[in-house]
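Me: I have a structure open and would like to learn how to read it. Could you take me through it step by step?

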Amino acid sequence: MEDPEEEELLNLTLAVSASGRSERKKKGKFIPRDQYHHHYNHHIINNNNNDHNHHHHNHNNNCLSYEAKIFKLLQMREQMLRLDHHHHHHVLRAKDGGALIHLLLSTATSVDDTNLNAALDHLSDLYQTVSLTGDSVQRVVAYFADGLSARLLTRNSPFYHMLIDEPTSDEEFLAFTDLYRVSPYYQFAHFTANQAILESFEREEHRNNRALHVIDFDVPSYGFQWPSLIQSLSDKASSGNRISLRITAFGSNLKLLQDTESRLLTFAKSFSHHLVFEFQGLLRGSRVINLRKKKNETVAVNLVSYLNTLSSFIKISDTLAFVHSLNPSVVVLVEQEGGAASATAAAANSFLPRFTDALHYFAAMFDSLDDCLPLDSAERLRIERKLLGKEIKAMLNDYDVEGVDCPKYERMETWKARMESHGFVATKISSKALIQAKLLLKMRTHYCPVIQFEAEDDGGGGGGGGFRVSERDEGRAMSLGWQNRDLG
């Protein structure tokens, strides 16, 4: 199997570095400023003309003016961060949420049109209004403002790295742990997927020698999905009926795989000795040899929040073809839900529709965190800064990189058609899985305990507040939503 994903370099519009160099966009190409000056000065020398000298002087002034605006913008951002630090409990309300969203959309339009002066002016207005400790709209817009500001720079710029603020692996792990603990977002996906895997195993118990082999493409969730499955299988195992569980997991780095293995082995040892647990970690791109170790074992493939991390439709297709070649008993697919912009290929490949889709999605995520954690929570700030904020900035700055040709979020109907085109057939989700999902939401909702459960003929995506679960595709799919927005 080919490497499903490789790190891509960003291809952005302008650069401002410590030396003050930038790039100018011209007819789809990027011209370094020193090269631009070379051509321009050559023209001046040949035409030794006061008008041209005056034009050259204005050009330099314009460049300095632009750089001055960049520095001023970054100073405003730093001032916003200092205010958040000193007034942690203060909520700014200089603009209502609707006006703030409108200003953000105007900013995104200016950035997309390469209208740099307008973009910088709008971003300056945003940084005077947003807050990382304000209400959910102020918070989410702050991270989108950072992403748009970074989009005006290249990765060569030290300011780019300051804006992106890449978390360390330990910081990201801690933020993920916080989100997993307080929100039903990941647990909904994992528990529902595990229930489908467990039911597939039970259906084949008469011929699978009580052996289950899970092939997991979701190691970036640190293996958090599997303790509940280990516990369920341990409850079923007995001295006369031992159960074998083998997890083969793909990961991007060796340490992640080793840490995941260590956590899961420790957890499994704390349960029944009648469950035989094995873990095999494989680096992505490794040659896959003899995945099926036991005769007649039940093979389950776990595709939870994985396919949308791939950069091209070819990589998605290759992955699904590989999965199909394993002849699994069940494949679990969980993805973030796209909005209206994902409905057509043309819109999905344009910046502004993708931006709007992402804004709706993350606005719902930030709003839902207010249901899970108080406003002054250090955990909430860590989740938003080190996890969700990172996703926002990455989405804004790598969507149009060369080789990236598929949207981050797509609709359920699109994923269904793609799976069917690779030979997979959808099956109904059990009533037990639906009941389990409802119970999970009741346990994981704290501050605004409004829970909804909707069948497809009740509208599926109805309104109201709080988390909701809805059946879709005649019971073959299920969505977790926040208010009017499907999250996954």
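**Reading the chain, feature by feature**

Reply: Start with the surface. The accessible surface of the chain comes to about 22,600 Å². Carbon and sulfur atoms account for 51% of that. Keep in mind that this is a predicted model.

Me: How many helices and strands does the chain have?

Reply: There are 16 helices and 11 strands. The chain has 488 residues, and 50% of them count as buried.

Me: What share of the contacts join residues at least 24 apart?

Reply: Take contacts between residues at least 6 apart in sequence. Of these, 73% join residues at least 24 apart.

Me: Now helix packing. How is a pair of packed helices described?

Reply: Two values do the job: the angle between the axes and the distance between the axes. Try α7 (residues 169–182) and α8 (residues 184–203). Their axes come within 6 Å and cross at roughly 75 degrees. Angles of 65 to 115 degrees count as roughly perpendicular, so α7 and α8 are roughly perpendicular to each other.

Me: Which residues make that contact?

Reply: From α7 come Phe 176, Leu 179, Tyr 180, Arg 181 and Val 182. From α8 come Pro 184, Tyr 186, Gln 187 and His 190. By class, the contact of α7 with α8 has 6 nonpolar, 2 polar and 1 charged residues.

Me: Give me another pair. At what angle do α11 and α15 pack?

Reply: Helix α11 (residues 313–325) and helix α15 (residues 412–421) pack at about 55 degrees. Their axes are 10 Å apart. That angle makes α11 oblique to α15. The crossing of α11 and α15 is right-handed.

Me: Which residues meet there, in α11 and in α15?

Reply: Phe 313, Ile 316 and Leu 320 of α11 meet Trp 415, Arg 418 and Met 419 of α15. The contact of α11 with α15 divides into 5 nonpolar residues, no polar ones and 1 charged.

Me: Next, backbone angles. What sign of phi do most residues have, glycine aside?

Reply: Most residues other than glycine have a negative phi. Now look at Thr 114. Its phi is positive, about 55 degrees, and Thr 114 is not a glycine. Thr 114 sits in the loop between α3 (97–112) and α4 (116–127). Its relative accessibility is 30%, so Thr 114 counts as partly exposed.

Me: Where does Asn 296 lie, and what is its phi?

Reply: Asn 296 lies in the loop between β5 (275–283) and β6 (298–304). Phi of Asn 296 is positive, near 65 degrees. With 39% relative accessibility, Asn 296 counts as partly exposed.

Me: Last, single side chains. Is Arg 77 buried or exposed?

Reply: The cut-off for buried is under 20% relative accessible area. Arg 77 has 5%, so Arg 77 is buried. Its place is in helix α2 (residues 50–86). Leaving out neighbours within four places in sequence, Arg 77 is in contact with Tyr 127, Asp 146, Met 162 and Leu 163.

Me: And Arg 385: which helix holds it, and what does it touch?

Reply: Arg 385 is in helix α14 (residues 378–398). At 30% relative accessibility, Arg 385 counts as partly exposed. Not counting residues up to four places away in sequence, Arg 385 touches Leu 81, Leu 132, Tyr 143, Asp 165 and Lys 390.

Me: How far apart are the C-alpha atoms of Arg 385 and Val 140?

Reply: They are separated by 10.0 Å. Along the chain, Arg 385 and Val 140 are 245 residues apart.

Definitions and conventions:
Residues are numbered from 1 along each chain as its sequence is written. This is a predicted model: local features need pLDDT of at least 70, side-chain atom pairs count only at pLDDT 80 or more; totals for chains, interfaces and linings use all residues. Side-chain values use heavy atoms; hydrogens and water are left out. Axes are lines fitted to C-alpha atoms, for helices over the stretch in contact, and angles run from 0 to 180 degrees between N-to-C directions. Helices (H or I, at least four residues) and strands (E, at least two) are DSSP runs, numbered from the N terminus. Angles under 35 degrees count as roughly parallel, over 145 as roughly antiparallel, 65 to 115 as roughly perpendicular and the rest as oblique. Contact means heavy atoms within 4.5 Å. Ala, Val, Leu, Ile, Met, Phe, Trp, Tyr, Cys and Pro count as nonpolar, Asp, Glu, Lys and Arg as charged, and the others, Gly among them, as polar. Buried means under 20% relative accessible area, exposed over 50%, partly exposed in between (1.4 Å probe, protein chains only). A crossing is left-handed if the near helix is turned anticlockwise from the far one by less than a right angle, and right-handed if clockwise. Accessible areas come from the Shrake-Rupley method with a 1.4 Å probe; for residues, only the protein chains shown count as cover.
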